[in-house]
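This report describes the fold, the nonpolar cores, the main pocket and several individual residues of one protein chain. The sequence and the structure are shown first.

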Amino acid sequence: MKNASIGDYSSAERGVCGMVKNTEDLRQGRRQQPDIDAFDRRILAALAADSSQSYARLGEAVGLSAPAVHERVRRLRQSGAIKGVHAALDGATLGKPLLAFVHVEAAGWGKSERLMQLLQFPEVEEMHSVAGDASVLFKVRTASPQALEAFLAQIHAVPGVTGTRSYIALSTYLERPVQAGVTDSWPDMSMPERL
């Protein structure tokens, strides 16, 4: 068997002082981006519309057998393309009719351990680190303006927060989960002459 030289290994496999380091186990733990084809996208779209469908019904909808759909769904779950299955709850029915988006301005980056603790409140539906004049964006659903005010007081108690801007939704025209489709080419849209 031929002895390998240092030049035979990639720099990622070399450790300190050029010693060879085994990185195979590290590579195996990393998730690979799944190859998602047209069948996968149709399956994902059908599941996003109604995740309670049987594999047989999904198969009928996308033109595959139930076992083929089952295997594809298993692979999509394993790859992380399907993160979970959730029930879509109605905020108003649950006593939280007020939907607001809260931009948080903070000195420095803004994301702190204390700010992350706000995720414990069930009113918080989303939290994003954003670019622009705010550093963090919250999507919250509360029972009333007073409940939103109490949540804002929690934000302002966080060291480093310099301000907030809240946008209250009056009507929601579209609210949906991530969609499976991808727009390959955007159509040219002429702008109306007046608004």
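## Overall organisation

In this predicted model, residues 24 or more positions apart account for 60% of the contacts in the chain with a separation of 6 or more. The chain contains six helices and four strands, and their order along the sequence follows the pattern α-α-α-α-β-α-β-β-α-β.

Of the 195 residues in the chain, 24% are buried. The exposed surface of the chain amounts to about 14400 Å², and carbon and sulfur atoms supply 54% of this area.

## Nonpolar cores

The largest nonpolar core comprises 16 residues. Val 102, Val 104, Phe 138, Val 140, Leu 148, Phe 151 and Ile 155 are those with the most contacts inside this core. Strand S1, strand S3 and helix H6 (145-156) each supply at least two of the core residues. A second core, separate from this one, has eleven residues, among them Leu 47, Leu 76, Ile 82 and Ala 180.

Val 104 illustrates the contacts made by a member of the largest core. When neighbours within four places in sequence are left aside, Val 104 is in contact with Phe 138 and Ile 155, both of which are also listed among the core residues with the most contacts. The other contacts of Val 104 under this criterion are Ala 134, Ser 135, Val 136, Val 161, Gly 163 and Thr 164.

## The largest pocket

The largest pocket has a volume of about 1600 Å³ and is lined by 40 residues. His 86, Ala 88, Arg 176, Pro 177 and Val 178 are the lining residues that lie nearest the centre of the pocket. By class, the lining consists of 22 nonpolar, eleven charged and seven polar residues.

Four elements each supply at least two residues of the lining: helix H2 (38-49), strand S1 (98-106), strand S2 (124-129) and strand S3 (136-142). Helix H2 provides the largest share, with five residues. Strands S1 and S3 thus appear in the lining of this pocket and also in the largest nonpolar core.

## Lys 96 in the loop before S1

Lys 96 is located in the loop between helix H4 (66-79) and strand S1. Not counting residues up to four places away in sequence, Lys 96 touches Gly 91, Pro 122, Glu 123, Arg 141, Thr 142 and Ala 143. Val 140 is 44 residues from Lys 96 along the chain, and the C-alpha atoms of the two are separated by 9.5 Å.

## Buried positions in helices H2 and H3

Ala 46 lies in helix H2. With a relative accessible area of 14%, Ala 46 counts as buried because this value is under 20%. Apart from neighbours within four places in sequence, Ala 46 is in contact with Gln 53 and Leu 58. Arg 57 is eleven residues from Ala 46 along the chain, with a C-alpha separation of 9.8 Å.

Gly 59 belongs to helix H3 (residues 55-62). Its relative accessible area is 2%, so Gly 59 is likewise buried under the 20% cut-off. Outside the neighbours within four places in sequence, the contacts of Gly 59 are Leu 64 and Val 69. Gly 59 and Phe 39 are 20 residues apart in sequence, and their C-alpha atoms are 9.9 Å apart in space.

Technical notes. Residues are numbered from 1 along each chain as its sequence is written. This is a predicted model: local features need pLDDT of at least 70, side-chain atom pairs count only at pLDDT 80 or more; totals for chains, interfaces and linings use all residues. Side-chain values use heavy atoms; hydrogens and water are left out. On a 1 Å grid over the protein atoms alone, a cavity is a set of points where a 1.4 Å probe fits but cannot get out, and a pocket is an open set with protein on both sides within 12 Å along at least five of seven lines; lining residues have an atom within 4 Å of a point. Grid points are joined across faces, edges and corners, and a volume is the space filled by probe spheres set on the points. Ala, Val, Leu, Ile, Met, Phe, Trp, Tyr, Cys and Pro count as nonpolar, Asp, Glu, Lys and Arg as charged, and the others, Gly among them, as polar. Contact means heavy atoms within 4.5 Å. Buried means under 20% relative accessible area, exposed over 50%, partly exposed in between (1.4 Å probe, protein chains only). Accessible areas come from the Shrake-Rupley method with a 1.4 Å probe; for residues, only the protein chains shown count as cover. A nonpolar core is a set of buried Ala, Val, Leu, Ile, Met, Phe, Trp, Tyr and Cys residues joined through side-chain atoms within 4.5 Å.
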